[in-house]
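Colleague: I've got a model open and I'd like to learn how to read it. Can you walk me through a few features?

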Amino acid sequence: MAPESVPTADEPPAGDPKHAVRATRSAGREMRSRLLDGASRLFRERGLSGTSISDIAAAADAFPSQITYYFRTKEALFVEAACRDMLYVARAAEQTALQAHTPRDYTRALVETVTATDSVAFFAEALTLTRRRQDLAPLVERTIERLHGEGLRAYSNQIERHGWNTLRDPDATSRRFWAVAIGVMVEGYAMGRSSDELSREMLRVLGEQATAKSTGDGARLRLVDDDAFTSSPSGGEIKT
């Protein structure tokens, strides 16, 4: 643990109200994170109905009242945990795919990372839950838009970096990837398919996403049959 700093003339003392607010917010973020960690593990193992608030509290070394304080309901905690896990696996997939040097290897890296966990299936359960709980839908909507936006950024950066020719609009490619991932994994889990089988099915459905540049091609982003498209998006934080 880092030693406590000594207040200076520019730093409020420990008893200062602003300092107390910052400490409270920090403790709150830590508690929320612990509750999400514990809830995620239990929800994956037992499902929503098989997990109680007291179970989650015990797993997070917290009180049941803290769950209702931070998340209001068990269902809200379920959806937030699923959304967070989905963004985590998307970021992991992006980081793994950065090592790819061909479009095929890039797609394979994304697919294998995503199908190696049950995060997408967990998220699909949250999608289903929001059909009955529309108050929870905004969090899911924001998560989906973040997946698409960060996927677009990551994919566009890769094709510009390597000079690949993308076979369709990059935004459509990013959105299609996650639509296929959710569909294939929901069907696959229902049919008891292994992660290897899920991976093969995803690769089959996705097909070719882009082609490697030909000799003499520039390193600019270029759509096949649309040489006018040369810009790449910027910003965002996470996937495809």
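**Reading two helices**

Modeller: Sure, and keep in mind that this is a predicted model. Let's start with His162, which sits in helix H7, residues 137-162.

Colleague: Is His162 buried or exposed?

Modeller: Buried means under 20% relative accessible area. His162 comes in at 14%, so it counts as buried.

Colleague: Which residues does His162 touch, leaving out those up to four places away in sequence?

Modeller: Ala100, His101 and Lys213. Take Ala100: its C-alpha is 9.8 Å from that of His162, with their positions 62 residues apart along the chain. There's a polar contact to look at too, as a polar atom of the His162 side chain lies 3.4 Å from the backbone oxygen of Ala100.

Colleague: And Gly151, where is that?

Modeller: Also in helix H7. Gly151 has a relative accessible area of 0%, so it is buried. Its C-alpha lies 5.4 Å from that of Ser174, though the two are 23 residues apart in sequence.

Colleague: Which residues of H8 are buried?

Modeller: Ser174 is one of them, and the list also includes Pro170, Phe177, Trp178 and Gly188.

Colleague: How far does helix H8 reach from its first C-alpha to its last?

Modeller: H8 covers residues 170-190 and reaches 30 Å, close to the 30 Å expected at 1.5 Å a residue for its 21 residues.

Colleague: What caps the N-terminal end of H8?

Modeller: Asp169 does, with a side-chain oxygen 3.1 Å from the backbone nitrogen of Asp171. Just after H8, look at Gly192, which takes a positive phi of about 70°.

Notes. Residues numbered from 1 in each chain as written. Predicted model: local features only at pLDDT ≥ 70, side-chain atom pairs only at ≥ 80, totals over all residues. Heavy atoms only, no water. Helix = DSSP H or I, 4+ residues; strand = E, 2+ residues; numbered from the N terminus. Buried < 20%, exposed > 50% of the residue type's maximum accessible area, 1.4 Å probe, protein only. Contact = heavy atoms within 4.5 Å. Polar contact = N/O pair within 3.5 Å; in protein donor to acceptor, adjacent residues only side chain to side chain. Expected span 1.5 Å × (residues − 1).
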